[in-house]
Amino acid sequence: MADEMEGLELVSFQIIASVGTARSCYIAAIDAAAEGNFDEADAQIKEGKEAFIQGHDDHAGLLTKMANGEMPPMDLLLTHAEDQLMSAEAFGILADRFVTLYKKVYSK
Amino acid sequence: MKNITLFCAGGMSTGLLVKKMRDEAARLGKEYNINAYGLAESDSYGPQADVILLGPQVRYALPKIKESYPNKPVETIDMRTYGMMDGKTVLATAMKLMGE
């Protein structure tokens with residue numbers, strides 16, 4: 001049980017690190033687009049999506065565990081990881097829209 | 001005692017990393033004040049810091065924090081090191097940045 005808890009803590013941390021990186025990339029993309037630096041904005045969106053997919057895959061792994069009845073009890077750290085995941089997902093959608101919008105503004 | 005200050009989104013998950021860093025500092029026989037806070041608290045805790053480390057969630061704030069504290073070492077913790085809760089590597093980075 002102790003090993004299992006440590007495993008869950010580690011996966012939670014990896015999700016937080018991945019989707020946290022994604023969220024940061026998305027914010028950096030919006031900042032870059034606001035300055036008219038679209039190469040940088042596109043690169044940040046790309047890096048963000050790659051990091052997000054990593055976190056999403058780790059989370060999917062936990063769902064598989066749950067389906068197999070191998071999931072340790074839910075704790076606050078995993079709740080936090082899922083909260084970060086949802087926040088990153090929303091930022092990704094918005095960053096895409098913002099970069100598109102800034103491209104239109106700068107092309108006028 | 002020198003202050004090693006970490007900022008992330010809310011200061012919560014980084015609290016666990018801080019615990020690992022404190023354990024490593026104790027193992028090395030070093031005494032540091034190691035604390036994690038949310039980025040929103042950076043104005044309160046940044047001025048006393050001897051070194052500032054940013055979690056991957058707030059990496060985007062690096063230019064702004066560097067601008068606020070031009071004379072302090074400021075660095076980001078990479079995604080892999082953070083994800084592995086590698087307190088040993090993060091402490092080593094902090095010590096190197098402080099020239100220790």
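**Entry 1: contact of chain A with chain B.** I looked up which residues take part in the contact in this predicted model. I noted 16 residues from chain A and 13 residues from chain B. I then asked which elements of chain A give two or more residues to the side that touches chain B. They are helix 1 (2-34) and helix 3 (76-107) of chain A. Helix 1 of chain A supplies 13 residues, the largest share of that side. I sorted the side of chain A that touches chain B by class and recorded eight nonpolar, six polar and two charged residues.

**Entry 2: confidence.** I read the scores of the model as ipTM 0.86 and pTM 0.90. For chain B, I noted a mean pLDDT of 94, with 100% of its residues at 70 or more.

**Entry 3: two helices of chain B.** I examined how helix 1 (residues 13-28) of chain B packs with helix 5 (residues 87-97) of chain B. Their axes lie 8 Å apart, and the angle is about 70 degrees. I therefore entered helix 1 of chain B as roughly perpendicular to helix 5 of chain B, since angles of 65 to 115 degrees count as such.

**Entry 4: residues between these helices.** From helix 1 of chain B, I listed B:L17, B:K20, B:M21, B:D23, B:E24 and B:A25. They meet B:G87, B:K88, B:V90 and B:L91 in helix 5 of chain B. By class, I recorded five nonpolar, one polar and four charged residues in the contact of helix 1 of chain B with helix 5 of chain B.

How values were computed:
Residues are numbered from 1 along each chain as its sequence is written. Chains are lettered from A and ligands numbered from 1 in the order in which they are written. This is a predicted model: local features need pLDDT of at least 70, side-chain atom pairs count only at pLDDT 80 or more; totals for chains, interfaces and linings use all residues. Two residues are in contact if their C-beta atoms, placed from the backbone, lie within 7 Å. Helices (H or I, at least four residues) and strands (E, at least two) are DSSP runs, numbered from the N terminus. Ala, Val, Leu, Ile, Met, Phe, Trp, Tyr, Cys and Pro count as nonpolar, Asp, Glu, Lys and Arg as charged, and the others, Gly among them, as polar. pLDDT is the predictor's confidence in each residue, from 0 to 100. Axes are lines fitted to C-alpha atoms, for helices over the stretch in contact, and angles run from 0 to 180 degrees between N-to-C directions. Angles under 35 degrees count as roughly parallel, over 145 as roughly antiparallel, 65 to 115 as roughly perpendicular and the rest as oblique.
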